[in-house]
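Student: I would like a close look at one part of this model. Please take me through the sheet and what packs around it.

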Amino acid sequence: MLIPCPHCGMRPSEEFTAKSLAEAPRPALGGDDRPEDDAWQDYLHTRTNAAGQTNEYFHHTLGCRQWIVVHRSTLTHEVAGATLASAFWQQPKHEQEAGE
Ligand SMILES: [Zn+2]
């Protein structure tokens, strides 16, 4: 599988370390500088295990060492694109879901 790193271009997947799904941003802090318990529980433990298009964190361990979000199908392993993780959460929700 080839992964299109935004910095390095198309690179073999062996250069990357897969982390997890990029499903939800870290919960905002509430009172006492702590996230609400339910939001924290969901962030840590709730996973969708989707069949189809997903957004997944990968670290380019043997390359530029940037965290990226790879837009990939779990059914076909086809990679539709990748975004720097720092830019991913700045995108509108519909662009995140479409892997744009
Ligand atoms: Zn890279």
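Which residue in strand 5 does threonine 54 stand opposite?

Tutor: Threonine 54 stands opposite arginine 72. Keep in mind that this is a predicted model. The protein chain has an average pLDDT of 86, and 89% of the residues score at least 70. Confidence peaks in strand 2 (residues 9–12), at a mean of 97, and is lowest in helix 3 (residues 93–98), at 64. Where pLDDT is low, predicted coordinates should not be read in detail.

Start with the pairing around that residue pair. Strand 4 and strand 5 (residues 67–73) are antiparallel and share seven bridges. On to strand 3. Strand 3 (residues 17–21) and strand 4 (residues 53–59) also run antiparallel, joined by three bridges. Now the whole sheet. It is open, it has four strands, and their order is 3-4-5-6, with antiparallel pairing. Strand 3 and strand 6 (79–84) are the edges. Each has a single partner strand, so one side of each is left without a neighbour in the sheet. On average, neighbouring strands here are turned by 30° against each other, direction ignored.

Take one residue on the edge. Alanine 18 is in strand 3. Its bridge partner in strand 4 is phenylalanine 58. Setting aside residues up to four places away in sequence, alanine 18 touches Glu56 and Phe58. Alanine 18 counts as partly exposed because it has 13 C-beta neighbours inside 10 Å; the exposed class ends at 12. Valine 70 is 52 residues from alanine 18 in sequence, yet the C-alpha to C-alpha distance is 9.6 Å.

Next, the loop between strand 4 and strand 5. Arginine 65 sits there. Arginine 65 counts as exposed because it has 9 C-beta neighbours inside 10 Å. Histidine 7 is 58 residues away from arginine 65 in sequence, and 9.8 Å away in space, C-alpha to C-alpha.

Now the packing. The largest nonpolar core has nine residues: Ile3, Cys5, Phe16, Ala22, Phe58, Ile68, Val69, Val70 and Ala82. Two elements, strand 1 (2–5) and strand 5, give two or more residues to this core. Strand 5 supplies the largest share, three residues. In soluble globular proteins, nonpolar side chains tend to be buried together. Phenylalanine 58 links two parts of this account: it belongs to the core and is the bridge partner of alanine 18. Valine 70 is a core member too. Alanine 22, another core residue, touches Asn55, Glu56, Tyr57, Val69 and Phe88, not counting residues up to four places away in sequence.

Finally, strand 1, the other contributor to that core. Strand 1 has two faces. Ile3 and Cys5 lie on the covered face, while Leu2 and Pro4 lie on the uncovered one. Ile3 and Cys5 are also the names from strand 1 to look for in the core list. Strand 1 and strand 2 run antiparallel, with four bridges between them. They form a hairpin, with three residues between the two strands. Within that pairing, proline 4 stands opposite methionine 10 in strand 2.

Note on methods:
Residues numbered from 1 in each chain as written. Predicted model: local features only at pLDDT ≥ 70, side-chain atom pairs only at ≥ 80, totals over all residues. Pairing = 2+ DSSP bridges. Buried ≥ 20, exposed ≤ 12 C-beta atoms within 10 Å, placed from the backbone. Axes fitted to C-alpha atoms, helices over the stretch in contact; angles between N-to-C directions. pLDDT = per-residue confidence, 0-100. Core = buried A, V, L, I, M, F, W, Y, C linked by C-beta atoms within 7 Å. Contact = placed C-beta atoms within 7 Å.
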